[in-house]
Amino acid sequence: MSQSGLKVSQKVVLATMKGQFKLSYRKVKKVSYSGNNEFNRVRRLLYAKEMLKLYNQGYHVVNIDESWLAESNFHRHNWDRRGDSHSQPTNLMGRKVNMIAAVSSEGYVWLGLTQANTDEDIMRLFLSKLALVFTKQLGRGWREKVVILIDGASYHRSKETRTCI
């Protein structure tokens, strides 16, 4: 039943969407990932060689990165005009969830979840807490055994952030 109280059948809606509005209902196409071009494949190969050196020397490697969940629309089909793109904007949730994860080559995982945007202060807090965990689990000399990998975000490279770890 519509908002005005009229009964509208699925058949009428389908005929209107296709006929009057010239829309079609099709699967949303996935966009190809540009990370598989030759330049990026070579960079991954060089990275893998460096990582193998570290593993062979007995280092404990910890990868740290952050992400978030902001999408609330998980539909994979949509109505649109013939010839239009089948891409769709993501719908933001009211309060996105941010996550910082540290994953080690030894199988350990440390997580931090917030609803605040991840910035230098949040990253420094996470890193200082992680440093305390390393000191407790690996002893005071953990910095000689552990390699921390963090991407090149500006707040990862700052002097203040580096001193936390």
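Visitor: Where does asparagine 98 lie?

Guide: In this predicted model, asparagine 98 belongs to strand β4, which covers residues 92-104.

Visitor: Why is asparagine 98 called buried?

Guide: Its relative accessible area is 3%. The term buried applies under 20%, so asparagine 98 qualifies as buried.

Visitor: What does the side chain of asparagine 98 reach, and what makes this a polar contact?

Guide: The side chain of asparagine 98 comes to 2.6 Å from the backbone oxygen of alanine 116. A polar contact requires a pair of N or O atoms within 3.5 Å, and the value of 2.6 Å meets that limit.

Visitor: How many salt bridges are there?

Guide: The count is three.

Visitor: What makes the pairing of lysine 53 and glutamate 50 a salt bridge?

Guide: The N to O distance between these two side chains is 3.2 Å. The limit is within 4 Å, so lysine 53 and glutamate 50 count as a salt bridge. In general, side chains of opposite charge can pair when their charged atoms come close.

Visitor: Why are lysine 53 and glutamate 50 separated by about one helical turn?

Guide: Both lie in helix α2 (residues 38-56) and are three residues apart.

Visitor: How do you know that lysine 53 and glutamate 50 are partly exposed?

Guide: Lysine 53 has a relative accessible area of 46%, and glutamate 50 has 43%. Partly exposed lies between the 20% and 50% cut-offs, so both residues receive that term.

Visitor: Which salt bridges involve arginine 124?

Guide: Arginine 124 meets glutamate 120 at 3.8 Å, N to O, and aspartate 121 at 3.7 Å between the closest N and O atoms. Each value satisfies the limit of 4 Å. Salt bridges with shared partners thus join Glu120, Asp121 and Arg124 into one network.

Visitor: Where do these three residues stand in helix α3?

Guide: Helix α3 comprises residues 120-138, and within it arginine 124 and glutamate 120 are four residues apart. Aspartate 121 and arginine 124 are three residues apart in this helix. Either spacing is about one turn.

Visitor: Why is aspartate 121 called exposed, whereas arginine 124 is called partly exposed?

Guide: Aspartate 121 has 51% relative accessibility, and exposed means over 50%; aspartate 121 therefore counts as exposed. Arginine 124, at 28%, is partly exposed.

Visitor: Which residues gather in the patch of positive charge on the surface?

Guide: The patch consists of Lys18, Lys22, Arg26, Lys29 and Arg82. Among them, lysine 22 lies in the loop between α1 (10-20) and β1 (23-27).

Key
Residues numbered from 1 in each chain as written. Predicted model: local features only at pLDDT ≥ 70, side-chain atom pairs only at ≥ 80, totals over all residues. Heavy atoms only, no water. Patch = residues over 30% accessible without salt bridge, like charges linked within 9 Å, V, L, I, M, F, W, Y side chains within 5 Å. Areas by Shrake-Rupley, 256 points an atom, 1.4 Å probe, with all protein chains shown as cover. Lys, Arg positive; Asp, Glu negative; His and termini not counted. Charge placed at Lys NZ, Arg CZ, Asp CG, Glu CD. Helix = DSSP H or I, 4+ residues; strand = E, 2+ residues; numbered from the N terminus. Buried < 20%, exposed > 50% of the residue type's maximum accessible area, 1.4 Å probe, protein only. Polar contact = N/O pair within 3.5 Å; in protein donor to acceptor, adjacent residues only side chain to side chain.
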